[in-house]
Each structure stands twice: as structure tokens, then as C-alpha cells.
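Welcome, and please open the model in your viewer. We will go from stop to stop, selecting a few residues each time and looking at what surrounds them.

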Amino acid sequence: MPVTQSARGSQEAATLKLDPISPSNGPKKPHNKDSRFLDGSSLESPGVEKTKGITALQTLVHLLKGNMGTGVLGLPLAVKNAGVLMGPLSLLVMGLVACHCMHILVRCAQRFCHRLNKPFMDYGDTVMHALGASPSVWLRNHAHWGRYTVSFLLVVTQLGFCCVYIVFLADNLKQVVEAVNSTAVSCHGNETALAMATMDSRLYMLAFLPGLALLVFIRNLRVLTVFSLLANISMLVSLVIITQYISQGIPDPGQLPLVASWKTYPLFFGTAIFSFESIGVVLPLENKMKDSHHFPAILSLGMSIITALYIVIGALGYLRFGDDIKASITLNLPNCWLYQSVKLLYVVGILCTYALQFYVPAEIMIPFAVARVSKRWALPVDLSIRLAMVCLTCILAILIPRLDLVLSLVGSVSSSALALIIPPLLEVTTYYTEGMSPLTIAKDALISALGFVGFVVGTYQALGELIGSGDSPPSSNSTIFLQ
């Protein structure tokens, strides 16, 4: 939640709406389309345009907004997969490592800007130039594949977000519809409600398809910013109400395991890194600040707030609902109209955010295809590709209708590479010829190795869970209301 992105994400969150930048010092920054579309990753915010500089406070707000997506709603289940003690501790460590990797990316980009006398360097450019500066002849000859790899991972990540959104939309709307006849007006003394059987969640996904297709036909980013504002307001109000509810009436946590089985820990890793995958937004934000010297401090502060929020929501959600926690904490909310409205607000927010997340892969893939046809066929080809891509995300969501496993799978496959594997290797290739301490090299190797292990094991575990579930009804889609 990524920039033209952002903001996975988001994983996972909100859109960056930045004012144009007019730098007071140095050369005027040329318009670089790649810097707009290849920088984002997990944020739910594809909109950084060339305008005047933003303040430190605005930068912090954009960073926070970019992390507030669907990933945070899955963290209570992620904590269950790790344990009531191991989960929060792991979130803390992952937050620190993710923040460190973001700082690495910023430093490497700044170094190549100085070397090449360029005003701005995006994620793909940075990786390409780092490979070009490496001591390996083979890597130097194939440096352009660095940009292709980042672009591919961005497309996979963003389309993965879109799949997650479709599953989320179907699960939450299905639960609201099933309980509409038994929903209470008052939330006090609300008893557990029996769900009214309705159609399968896959049919809800198909029902969303025409609306999503119309949304992705909007090609003007200025129009999409209206949807971004609506999404931000909807999700912020929902998150405040959810936090207020889960902080009350927490039962005795003595029965919850401090450390869960190691077999479920990879699922925790995938969901957690899905939530933290916002590394793509840092370079556009740093580029837009009036005083970029303060950006490292802003980045550290923002990631500290995000990490603390994730730990609180993840831990409180698991403590509040225990083993009954679902793939999205919204599915655990009581059966009264206040909390049903929270689900509807999040549905509206995610529906709007879908178009913003879709914008990034569309702007990477469509120009490549349109350039190969005549002007007469440009618009039909553009719209056809958009329709095909939104149908693809819907089909994938139907094939994998488990929200928890989709979150973990997307996080393990692509988010781990963008957030954990590539940045440490980037630091080595950037600074190796200038001399690096063995301790720094060992640190970078350890982070990349852990990210790779998480990628392999997390992907294997998520796929194993999907295969093992077979055709049995997924628990994450079941409708259960708790008092």
C-alpha cells in the first residue's frame, strides 16, 4: 500500500496525495514516469505527482496513511499463529528490520543520485545502478534485469492486494447480509446470533466484478483521489471503533499459548510482512520533502508508530477473541448495527482502494501493450487489458477464497522480496567497492537469508494449507457473531 504509488498498501492503506515540488536548490527534477509507477509496493496509494515540497508533518501523515490497509485487520490471527508472547515480539523485530531496510534503500538511492548527478532515483533505478556498480561482471552485464525484477514484483504485489480486497469484500458483505434479519439496534447484551444461510462467498465475489470493472476503467488519477479520500475516512473511522471494542472485556489470557506451534509460524510471517510492506513509498516521499535531511527521522518516527499500532491491534484482538479469532477481525464484531456499519464502512473503503491499487500494475503493463498498436486501437486495447486484469484478480480470489491464506501467500511471495531480501543485497552491491566491514556484510546477509527462508517456508506453508483445505468450507468465511 504503492506509490505512483503506493500504499500496499499499503500491505495492505490509503493514498498519497502530494503537492507539486519545486526545489529551491539544484536542478529542476524532470518528469519520470517510472519513478511514479515503479516505486510503490504495499501501500494503498498510487499518487505522487510533481508538485511543491511537503512538510515533515505531511510526510508523516502520508507514511501513516499508506500503511493502513487490510493487513492490519489480519494481525490478530497472525498473532494466534505465533503465540500471545512470540507474536508481539516478532512484530516488534519485523518492524525494526523493515524500518532498517527502508533506511538502506534511501541511503543507496541518495548515493547513486550523487554519483550520477541525478535529482531522483526510484526503486527500480536504484537496483539497476547497484547491480551496475557491483564487482561481478555478470551482474553488471545484466543490471537492467534489476529494474525488470522490481517491476514484476510490484505487479505481483499489487494484483495480490486486489485479490485480497475481493476476498475481504465478499467475506464482510456476506456476513452482514446473513445477519440482517437478526441484527440488534443496541450493542448492549447482544447475544450470539445464528446466521441465515445465503449464497456462497464466491458468488459475492462475482457480484462485485461489474462494479470493480467500472472503477478500473477510470484512468484519471485526479478522479481516483476522490475515491482515495473516501477510503481514508471510511477506514479511519472503522479502525477507531474496532480498537475501542477490542480493548474492552478481555478475558483471562492464561489459556492462550505464549508460543504457538512452529508449523503455523510461517503463516504469521506472511501476514506480518504483508502489513509492513510499504518500502516502495519511502523514495517518493523523501523526494517530495522540502527538507529531505529530516526524512530519516520522520521515517523512524512513522514506522515506530505503525509498529506500535500493529502490536496493539494484533495482541488485543487475539486476547479479546482467543482461538475464535478470524481472518479479519471485522468478522468477529458483534451483531449490532454499530459494528455492522463498521464492516460496511470498510467495504466502501476497500472498494475505493481497489482502483488505486490497480492503478500501479495497469500503468506498468498497459503502456507496453499500447505502444505496439496503432493510435486507433489504443483505447480498446487499454480497456481490454484493464478488464482482463480485473477478471484475473477475481478468478484468483475465487480459486483461493481464504482471506488468511491469501494474505500470507502474497506477503511471502512478493512482499518479502521487496521489503527484506533486496534492500540488504542492495547495500552490499552499492558500498562493497568502497569498503564494508565484515559485520555489516554479515548483517545484510542474515536479513536477506531470513527473508528468503520466510519466502520459501511461508509460501510452502500457505500452499500446503490451501491444498489441505480441499473443498471443505473455509473457517475464515464462516459467520459467527460473538457477544
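## Stop one: a buried threonine

Thr-59 has a relative accessible area of 1%, so this residue counts as buried. Keep in mind on this tour that the model is predicted. To place the residue, colour helix α2, residues 56-65, which contains Thr-59. Now show the side chains around it. Leaving aside residues up to four places away in sequence, Thr-59 touches Ile-54, Leu-285, Met-289, Phe-295 and Ile-298.

## Stop two: two packed helices

Next, select residues 86-116, helix α4, together with residues 123-132, helix α5. What is the angle at which α4 and α5 pack? The angle is about 70 degrees, and the axes lie 10 Å apart. The two helices, α4 and α5, are therefore roughly perpendicular to each other. Turn the view until you look through one helix onto the other: the crossing of α4 and α5 is left-handed.

To see what makes the contact, show these side chains:

- from α4, pick Leu-105, Cys-108, Ala-109, Phe-112 and Leu-116;
- from α5, pick Tyr-123, Thr-126, His-129 and Ala-130.

Colour them by class, and the contact of α4 with α5 shows 7 nonpolar residues, 2 polar ones and no charged ones.

## Stop three: from Cys-108 to Val-428

Keep Cys-108, one of the α4 residues in that contact, and add Val-428. Val-428 sits in helix α15, which spans residues 403-431. Along the chain, Val-428 and Cys-108 are 320 residues apart, yet in space 9.8 Å separates their C-alpha atoms. Now look at what Val-428 itself touches: Met-436 and Asp-444, again not counting residues up to four places away in sequence.

## Stop four: the cysteines

Finally, select the cysteines and show their sulfur atoms. How many disulfides does the structure hold? The number is 0.

Zoom in on Cys-101. Why is there no bond from Cys-101 to the closest cysteine sulfur? That sulfur belongs to Cys-99 and is 9.4 Å from the sulfur of Cys-101, which is too far for a bond; the cut-off for a disulfide is 2.5 Å between sulfur atoms. Is Cys-101 buried or exposed? With 0% relative accessibility, Cys-101 counts as buried.

Then move to Cys-391, which is also in no disulfide. Its nearest cysteine sulfur is that of Cys-394, 7.1 Å away. Switch on the surface here: Cys-391 has a relative accessible area of 25%, so this cysteine is partly exposed.

Methods:
Residues numbered from 1 in each chain as written. Predicted model: local features only at pLDDT ≥ 70, side-chain atom pairs only at ≥ 80, totals over all residues. Heavy atoms only, no water. Axes fitted to C-alpha atoms, helices over the stretch in contact; angles between N-to-C directions. Helix = DSSP H or I, 4+ residues; strand = E, 2+ residues; numbered from the N terminus. Parallel < 35°, antiparallel > 145°, perpendicular 65-115°, else oblique. Left-handed = near helix turned anticlockwise from the far one by under 90°. Contact = heavy atoms within 4.5 Å. Nonpolar A, V, L, I, M, F, W, Y, C, P; charged D, E, K, R; others polar. Buried < 20%, exposed > 50% of the residue type's maximum accessible area, 1.4 Å probe, protein only.
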